[in-house]
Protein chains: 2
Amino acid sequence: MKITINDVARAAGVSASTVSRVISDSPKISEKTKERVRKVIEELGYHPNAIARSLANQSSKTIGLILNTEAETLVRNPFFIQAMTGISQYAQEQGYNVMFAYNKSEDGDLDIAVRYVNSGSVDGIILFTSRTNDKCIDFLMKSNFPFSVIGRPDHTEGVLWVDNDNFQATYQVTNHLIMKGHKRIAFLGGPRDHNVSRDRFEGYKAAMTVHGYSIDRNLTFLEGSFSEEFGSKCMSEILSAHKNGAELPTAIVTSDDMQALGVLKAMRKMNVSDVAVTGFNNMPVSLYKNESFTSVDVNASQLGFCAAKLLIGRIEGIADLPAHYIVPAEIVEVEPLY
Amino acid sequence: MKITINDVARAAGVSASTVSRVISDSPKISEKTKERVRKVIEELGYHPNAIARSLANQSSKTIGLILNTEAETLVRNPFFIQAMTGISQYAQEQGYNVMFAYNKSEDGDLDIAVRYVNSGSVDGIILFTSRTNDKCIDFLMKSNFPFSVIGRPDHTEGVLWVDNDNFQATYQVTNHLIMKGHKRIAFLGGPRDHNVSRDRFEGYKAAMTVHGYSIDRNLTFLEGSFSEEFGSKCMSEILSAHKNGAELPTAIVTSDDMQALGVLKAMRKMNVSDVAVTGFNNMPVSLYKNESFTSVDVNASQLGFCAAKLLIGRIEGIADLPAHYIVPAEIVEVEPLY
DNA sequence: TCATATTATGCAAGCGATTGCATAAGTATT
DNA sequence: AATACTTATGCAATCGCTTGCATAATATGA
């Protein structure tokens, strides 16, 4: 049978209240009693019951994660698991548990959020932005339930979020290409309803504009998806336009490594290799010797860490909490096998 | 303020016990009352408090995952996140939550297991086998705490586990190569203290032996690690031995896709491409046109699903529960770009 | 109609902690 | 030594739900 606080109390000849106060190191208990009780706790191998504690404290000391990403993405893009490790690390530091629920069904994320909130099994929620999360955000706002978002949401008023400066990152990576002498640079965007898509496009546009380079409508592919297929599709279009006389770009800025991989694959198929490609997430990608690939490491684990920090800050009612964190991204030159 | 069972009871003009019994659909309550109470529940938007429930039921309806894998592996090998989605799916079906904790420190996994067990915050634990898990297993066995293991542990008596038939899988993949005409086949193993390493080696050995092919000591690399480095290192050795006159193998059976990737990279460096390579896990790997790569898809999500099934079965005291599941693995021919 | 069996509901004691308030013990002040 | 003031501890209610047992209500049978 499990040892309870009462067993300890009895063994130490004090009341349960005293034991409770010893555990929380309350200043109202004398050192002498503390010592004695601590010894008994040690001897009996007592450990407070987290659930009873939660009930009494009206706080579960748990945060919930909602993963409603498609399995394919979840599995191939290390972003999520990296973010999860970051979240877990900060949570552990603060004595919080982390729950997650994966669901493939559309709208399932809302169901999970509702369940989390209503059952009281978590004190707060971390969302990964995605097209369907807005419903979640609305719901959580309305419920006045603590949450934070990885990725800048549409409406940021009153929302805690963490993200990279996607404008800046794309600006830099584009600029990086320009410095290398590229002038004709294509762009592949993400889903239209993601802020990240807009920001990355604007960053690309700004860098091009600053240097006085024009943006070729035929080389900008907006409203895409963060997938290999989209990358391949766009590159195929570029290549077939080239067959019909259009000038080939010398570089392509994509919004995701999966896209970039698609682009590279399309190039390989057509035996084209002198186009520099950039992506986001620093996924493991094997490069041919004559390929040039640059990725932006978004520092996913740090994003997770900060999201947890914001959320737990909010839960514990920390004053002057920042409303968001911008996590620095890093440009990574991926080396081909010589 | 949150609505409690008492609010419902009051509003419906019944006692809390009745409401509780309506929720659990007890046959002791008349249909008439059930209807009435349900209506009130609906109207008030009542949702039972999971924590209070847990306390009363002495069960948290939560399972804990211990991830003590190195960050590098966790991130690059989709195995873990896939297994996690499988676990989450079965858990959700059964009304269980899933908690996870990531820790990088050596031995941290034991700490987490101890915390999980003592605090009563989970009803059971799923372990991913790894060299340090034996301590965890010992601890959990001693505590008589429900757990299941992904990967066959050393001592299986009284342990619930799921795994592929690694012997069989490696036998098949080796056989597959032999059928294609390969005779001189190298083997790369995993860490010595993993059962999986032994099984895979035995599978390879058996297939070779059955066909009467000898096993060249210089082509079997045991006591390795599931890493790219190890793969590269072994292949480099093979290649330099070749420079000194040794015959090159025509195929290499590895125990992990990361190893296989290392092998491929070493080959690419040396401009060797006519060696067939096999791996495990069906990781995304980009292939050169003239490379041949076969992977074994271990069906990680199914492994997770089954691990959850065993664990929850154990928690709920299901009779005649199997002690383990063998999940079928599938040989996947990875296509090079066209 | 009354005794008896059956069914539906409520009471109250848990589950294992926390905490405001009351009180006992100890210390200081005069 | 009596009073006032701290300081240390305990009592008992509370958190929200579950469940064994008692009991009230209803149905059955003679």
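Here are four short exercises with worked solutions on a predicted model.

**Exercise 1. Relate the two chains**

Task: Find what turn and what shift lay chain A on chain B, and say how the two copies are related.

Solution:
- Step 1. A turn of 180° does the job, with a shift of 0.0 Å along the axis.
- Step 2. The fit has an RMSD of 0.1 Å.
- Step 3. The two copies are thus related as by a two-fold rotation axis.
- Step 4. Now look along chain A for the C-alpha nearest that axis. It belongs to A:M99 and lies 2.1 Å from the axis.
- Step 5. Turn to the interface. Of the interface residues of chain A, 100% are also interface residues in chain B, so the copies meet through the same surface.

**Exercise 2. Explore the cavity**

Task: Search the whole structure for cavities of 30 Å³ or more, and describe the lining of the largest cavity.

Solution:
- Step 1. The search finds 1 cavity of 30 Å³ or more.
- Step 2. The largest cavity holds about 40 Å³ of space.
- Step 3. From chain A, the lining takes A:F100, A:A101, A:R115 and A:Y116. From chain B come B:S88, B:Q92, B:Y96, B:N97 and B:V98.
- Step 4. Place these on the elements. In chain A, β2 (97–102) and α7 (108–119) each give two or more residues to the lining. In chain B, α6 (79–93) and β2 (97–102) do so.
- Step 5. Sort the lining by character: 5 residues are nonpolar, 3 are polar and 1 is charged.

**Exercise 3. Check a helix**

Task: Test whether the span of helix α11 of chain A agrees with its number of residues, then find what its buried residues pack against.

Solution:
- Step 1. Helix α11 of chain A covers residues 228–243, which is 16 residues.
- Step 2. At 1.5 Å a residue, the helix should span 22 Å.
- Step 3. Its end C-alpha atoms are 22 Å apart, which agrees.
- Step 4. Pick out the buried residues of α11(A): A:E228, A:F230, A:G231, A:C234, A:M235, A:I238 and A:L239.
- Step 5. These buried residues pack against α5 (71–76), β6 (185–188), β7 (220–221), β8 (251–253) and α12 (257–269) of chain A.
- Step 6. Move just past the helix. There A:G245 takes a positive phi of about 105°.

**Exercise 4. Classify one residue**

Task: Locate B:E237 and decide how exposed this residue is.

Solution:
- Step 1. B:E237 sits in helix α11 (residues 228–243) of chain B.
- Step 2. Its relative accessibility is 37%. Buried means under 20%, and exposed means over 50%.
- Step 3. B:E237 therefore counts as partly exposed.
- Step 4. Compare B:E237 with B:A300, 63 residues apart along the chain. Their C-alpha atoms are separated by 32 Å.

Technical notes:
Residues numbered from 1 in each chain as written. Chains lettered and ligands numbered in written order. Predicted model: local features only at pLDDT ≥ 70, side-chain atom pairs only at ≥ 80, totals over all residues. Heavy atoms only, no water. 1 Å grid on protein atoms, 1.4 Å probe; cavity = no way out; pocket = protein on both sides within 12 Å on 5 of 7 lines; lining within 4 Å. Points joined across faces, edges and corners; volume = space filled by probe spheres on them. Helix = DSSP H or I, 4+ residues; strand = E, 2+ residues; numbered from the N terminus. Nonpolar A, V, L, I, M, F, W, Y, C, P; charged D, E, K, R; others polar. Least-squares fit on C-alpha atoms with pLDDT ≥ 70 in both. Contact = heavy atoms within 4.5 Å. Expected span 1.5 Å × (residues − 1). Buried < 20%, exposed > 50% of the residue type's maximum accessible area, 1.4 Å probe, protein only.
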